[in-house]
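Subject: Structure handover

Hi,

Here is the structure I promised to pass on. Please open it first, then read my notes below.

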Amino acid sequence: MGTKNIVYFNQNKSTNETIRILDYGYHETIQGHYSAQTVIDHYVLHCIVRGKGTYQIHGQTYRLEAGDCFLLVPHVPISYQSDLHDPWVYYWVGFDGIDAVPLMQLCNISTGTPILHYGPTEELAELIRPLTIPKTVAVSDSFMALGQFYLLCSRLMEHNRNIKPLSRKEYYVNQAIALIQDSYYSNISVQSISDAIGLDRTYLYRIFKEISGMPMQQYITNLRIKRACYFLSNSTLSYSEIAYYCGYLSEQYFSMAFKKSTGMTPSAYRKSSASRNASEKNSAQE
């Protein structure tokens, strides 16, 4: 596992913060170390200070190294692995709260683009390091943890200052996508998303299709099916459990939607995926 320090924090009950700090940590990984997490329930921002590794999310693989940051997002299948020859060392902060999504967007990191090429991250590490030393956590420490997090975000925003700002339409569509990616497993709709953002449903529908190239409902369906494909290929969850985790009200409805999108039933897809994985494993061993 290598050297690993984690310090956990409790929310201040006397305040009503819109960002809640859960933990700060440091991990000096060993070669090829895999993450134990596959789906988490909060956000985790990593700052790599040495070494290399890969991060997989949304069906994409990012090759990252010292100077990069990457964001783990809740309720989304993830995987990250240390390099076999140059294992990475990183600091992290775990957090959640109603302002988590807009704050990360200001830092130019989002559920859709969960990485940032920052440059030397030592100044970021200096903000996190004091909070990764195990000790008895006092009330004041939780305030310090929140303050350091905001300071960390300010550094990322400062780095982001020369990036072309989003148009108003792009901003609203990004807000919608963030809500979808955070809530695809629930009973969301175009109406509920437009209500959350505070836009007219017809207007949001139109600009979403204009910016993303597809209707919002199709985007939601595509995301759910992509998640279902991951669970079918990488877990032993039952079909009813996968249906539930992907936002379908019944296994039957999930099966119909999956076949309509992929041309295969969930069981056929799982069998095909298992056969493909076994073949790739055998080829790697030869």
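One definition before the first finding: two strands pair if DSSP finds at least two bridges between them. Also keep in mind that this is a predicted model.

**The three-stranded sheet**

Start with the hairpin of β4 and β5. Two residues lie between its strands, and His58 takes a positive phi near 55° there. Strand β4 covers residues 52–57, and six bridges join β4 to β5. The two strands run antiparallel.

Two pairs of facing residues are worth finding. Tyr55 stands opposite Tyr62 in β5. Gln56 stands opposite Thr61 in β5.

Strand β4 also pairs with β7. Five bridges join these two strands, again in the antiparallel sense. Here Tyr55 has a bridge partner too: Tyr80 in β7.

Put together, this gives an open sheet of three strands in the order β5-β4-β7, with antiparallel pairing. The edge strands are β5 (60–65) and β7 (78–82), and each pairs on one side only. From one strand to the next, the twist averages 15°.

A note on side chains in general. In a regular strand they alternate between the two faces of the sheet.

Now follow the chain out of β7. The loop between β7 and β8 (89–96) holds Asp83. Asp83 is partly exposed, with a relative accessible area of 25%. Its C-alpha atom is separated by 24 Å from that of Gly112, and the two residues are 29 residues apart along the chain.

**The six-stranded sheet**

What is the strand order in the open sheet of six strands? It reads β1-β2-β8-β3-β6-β9, with antiparallel pairing. The edge strands are β1 (3–8) and β9 (115–117), and each of them pairs on one side only. Neighbouring strands of this sheet are turned by 15° against each other on average, direction ignored.

Look at β2 (residues 20–28) in particular. Strand β2 and β8 pair in the antiparallel sense over eight bridges. Arg20 stands opposite Asp96 in β8.

**Aromatic rings**

The count comes to 22 aromatic pairs. One of them is Phe208 with Tyr219, an edge-to-face pair. The centres are 5.6 Å apart, with 80° between the planes. Phe208 lies in helix α6 (residues 201–212) and Tyr219 in helix α7 (residues 216–234), so the pair ties together parts that are 11 residues apart in sequence. Are these two residues buried or exposed? Both Phe208 and Tyr219 are buried.

There is also a ring cluster. Ring pairs link Tyr55, Phe70, Tyr80, Trp88, Tyr90 and Trp92 into it. You have already met two of its members: Tyr55 and Tyr80 are bridge partners.

Two arginines sit over tyrosine rings. The charged end of Arg224 is over the ring of Tyr248, 5.7 Å from its centre. The charged end of Arg227 is over the ring of Tyr184, 5.0 Å from its centre.

**Cysteines**

How many disulfides does a search of the whole structure find? Zero. Cys47 is in no disulfide, and the nearest cysteine sulfur, that of Cys69, is 3.9 Å away. Cys47 is buried, with a relative accessible area of 0%.

Why does Cys107 have no bond to Cys153? Cys153 holds the closest cysteine sulfur, but this lies 4.0 Å from the sulfur of Cys107, too far for a bond. The cut-off for a disulfide is 2.5 Å between the sulfur atoms. Cys107 is buried as well, with a relative accessible area of 0%.

**Helix α5**

Last, a short look at α5 (residues 190–197). Its buried residues are Val190, Ile193, Ser194 and Ile197. Seen down the axis of α5, they fall within an arc of 95°, so they line one face of the helix. On the other side of α5, Asp195 and Ala196 are exposed.

Best wishes

Note on methods:
Residues numbered from 1 in each chain as written. Predicted model: local features only at pLDDT ≥ 70, side-chain atom pairs only at ≥ 80, totals over all residues. Heavy atoms only, no water. Helix = DSSP H or I, 4+ residues; strand = E, 2+ residues; numbered from the N terminus. Axes fitted to C-alpha atoms, helices over the stretch in contact; angles between N-to-C directions. Phe/Tyr/Trp six-rings, centres within 6.5 Å; stacked < 30°, edge-to-face > 60°. Buried < 20%, exposed > 50% of the residue type's maximum accessible area, 1.4 Å probe, protein only. Lys NZ or Arg CZ within 6 Å of the ring centre and 35° of its normal. Arc of directions from axis to C-beta.
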